[in-house]
Amino acid sequence: MGKIPPSFRSALTNPNLRNPSSSLIPPQTPSSSKPHHFPKKTPSRKPPKLQQQQQQQPLFKSPNLEDAKTLFDSIIHSNNPPTTDPRFPNSLLQSYASVATTTRDSISFLRHITKTLPSFSPDRSTYHILLSHSCNSPIPSLSPIHQTLNLMLTHGVSPDKSTADIAVRALCSSGQFDHAVELFKEFASKHCSPDTYTFNFLVKHLCKSRALSTVYSFIDEMRANFGMKPDLVTYTILIDNVCNTKNLREALRLVSVLHEEGFKPDCFVYNTIMKGYCVLSRGSEAIEVYNKMKEEGVEPDLVTYNTLIFGLSKSGRVMEAKKLLRVMAENGYFPDEVTYTSLMNGMCRKGDALAAMALLGEMEAKGCSPTSCTYNTLLHGLCKSRLLEKAVEFYGVMKLGGLKLETASYATFVRALCREGRIAEAYEVFDYAVESKSLTDVAAYSTLESTLKWLKKAKEQGLAV
């Protein structure tokens, strides 16, 4: 199962199609004597503890407060009530708070627990349960948070850094970012200053939901009014955000700010900036960042090399990407599935799909298992190189292994089949895409339908047979 079809073997054994730089890479010890032609499928077994948690049904299924009290009373007055377990009241509160409509109902249920069990004294963890479920209400408001905080203070329990963290995370999880900022400032001024973990968590969410100027204003205000300075993690979050928005000039400015603040950019920061350039196919700038990284004494890691190889391959500089294989080996890193797939993608972009196929053989010979992405890259490349027969055979290999088709490779393959008038085979590929859940029914059919419309129009214009 899963062996390369005979028509591919000549490509894999042809020395003219082999990677000339492959001899520069020390061979890896294969994990098995047989090559793995399909990604290894790991069993979807879940830890026994997790299985037990998922099998347990929530005790309270109704948000009705009176029903919850009745059920609680029935448990307390049963033959063997677990009242001696100190975790028992909190676990019941957790169960009800997860379904309660309002925090007010949860607080009322807590009061019923304390009244029924005088030996139970709520502690900080009890109030944290209320806070973690304080944003269940569909109406965004800080009122539920304040109700819980006031209850804590009334009973002599002071909010601490963990209290602030739980409250801010609850607000962010419900999309109440402005309220999270307001509460963060409130904690810093009235209770206790939140720690850097909470600060960076909030900055990360603000980067995703607000303009960069708003994020900068928040950071500046926290520094000026509360003495809370951004750390290396903060700047890393900011750099990652501006790189994702392709604002690489700002990313480099932030690196300069890092130096001014006394921080030394680490490998992750440089990798993030290099990735930003590579996504834009600006390989030269990525190499410049790599050289600067070396000058600063920051050692590259496997992600660094894979990022550069991806970027150079994407911009058509495959030979330069191959040269990095020697550098990787000299520094103790060896190509993995990401490295090989990036190189194959670059080869396919240059129309050299057969060389990419040869690299697949080398990859497997070195004990590196290709992924589904690897196969889709090759299928896409074979179609783009007008090697349809080999693409059909390769699709058969993928189908035999139960591999899913990605959107781009599916669309390219269907289009190539229709262009050659092989409509029935295109429909068969459509069926497989749906059955294997590679694409949704709508997406798979829309692609096929648009391709057939394109073919009809091309025939009318005499551009297709």
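**Largest pocket**

I started with the largest pocket, which holds about 360 Å³ of space. I kept in mind that this is a predicted model. I listed the lining next and got 16 residues. Asn271, Lys275, Gly276, Val303 and Thr307 are the ones nearest the centre of the pocket.

Which helix gives the largest share of that lining? I found that H14 does, with 6 residues. Helices H12, H14, H16 (302-314) and H18 (337-349) each put in at least two residues. I sorted the lining by class too: 7 residues are polar, 6 are nonpolar and 3 are charged.

**Largest cavity**

Then I looked for cavities and noted 1 of 30 Å³ or more in the structure. The largest cavity has a volume of about 30 Å³. Its lining is made of Leu252, Val255, Tyr270, Ile273, Val289 and Lys292. I checked which elements those come from: H13, H14 and H15 (283-295) give two or more residues each. By class, 5 of the lining residues are nonpolar, 1 is charged and none is polar.

So far H14 has turned up in my notes on the pocket lining and in those on the cavity lining.

**Helix H12**

H12 was on the list for the pocket, so I gave it a page of its own. H12 runs over residues 232-244, which makes 13 residues. I took the distance from its first C-alpha to its last and got 18 Å, close to the 18 Å expected at 1.5 Å a residue.

Which residues of H12 are buried? I wrote down Thr234, Tyr235, Thr236, Ile237, Leu238, Ile239, Asn241, Val242 and Cys243. What do they pack against? The partners are four helices: H10 (196-209), H11 (212-226), H13 (248-260) and H14 (267-279).

I looked at the start of H12 as well. There, a side-chain oxygen of aspartate 231 comes within 3.2 Å of the backbone nitrogen of valine 233. At the other end, H12 is followed by lysine 246.

**Two residues with positive phi**

Lysine 246 made me stop: its phi is positive, about 65°, although it is not a glycine. I found lysine 246 in the loop between H12 and H13. Is lysine 246 buried or exposed? It is exposed, because its relative accessible area is 52% and the cut-off for exposed is over 50%.

I noted arginine 386 for the same kind of angle. Arginine 386 is not a glycine either, and its phi is positive, near 60°. Where does arginine 386 sit? I placed it in the loop between H20 (372-384) and H21 (388-400). With a relative accessible area of 59%, arginine 386 counts as exposed.

**Glycine 381**

From that loop I went back into helix H20, where glycine 381 is found. Is glycine 381 buried or exposed? Its relative accessible area is 1%, so I put it down as buried; the cut-off for buried is under 20%.

I then asked what glycine 381 is in contact with, leaving aside its neighbours within four places in sequence. I got Cys348 and Ala353. I also checked a C-alpha to C-alpha distance, from glycine 381 to methionine 357: they are 9.6 Å apart in space and 24 residues apart in sequence.

**Threonine 163**

My last single residue was threonine 163, which lies in helix H8 (residues 161-173). Threonine 163 counts as buried, because its relative accessibility is 0%. I found a polar contact of 2.7 Å between the side chains of threonine 163 and histidine 128.

Which residues does threonine 163 touch, not counting those up to four places away in sequence? I listed Arg124, His128, Leu131, Leu149, Met152 and Phe187. His128 is thus in the list of touching residues and is also the partner in the polar contact.

**Whole chain**

I finished by zooming out. How many helices and strands does the protein chain have? I counted 24 helices and 0 strands. The chain has 465 residues, and 45% of them count as buried.

I ended with the contacts between residues at least 6 apart in sequence: 66% of these join residues at least 24 apart.

Conventions:
Residues are numbered from 1 along each chain as its sequence is written. This is a predicted model: local features need pLDDT of at least 70, side-chain atom pairs count only at pLDDT 80 or more; totals for chains, interfaces and linings use all residues. Side-chain values use heavy atoms; hydrogens and water are left out. The expected span of a helix is 1.5 Å times one less than its number of residues. Buried means under 20% relative accessible area, exposed over 50%, partly exposed in between (1.4 Å probe, protein chains only). Contact means heavy atoms within 4.5 Å. A polar contact is a pair of N or O atoms within 3.5 Å; within protein, one must be able to donate a hydrogen and the other to accept it, and residues adjacent in sequence count only if both atoms are side-chain atoms. On a 1 Å grid over the protein atoms alone, a cavity is a set of points where a 1.4 Å probe fits but cannot get out, and a pocket is an open set with protein on both sides within 12 Å along at least five of seven lines; lining residues have an atom within 4 Å of a point. Grid points are joined across faces, edges and corners, and a volume is the space filled by probe spheres set on the points. Ala, Val, Leu, Ile, Met, Phe, Trp, Tyr, Cys and Pro count as nonpolar, Asp, Glu, Lys and Arg as charged, and the others, Gly among them, as polar.
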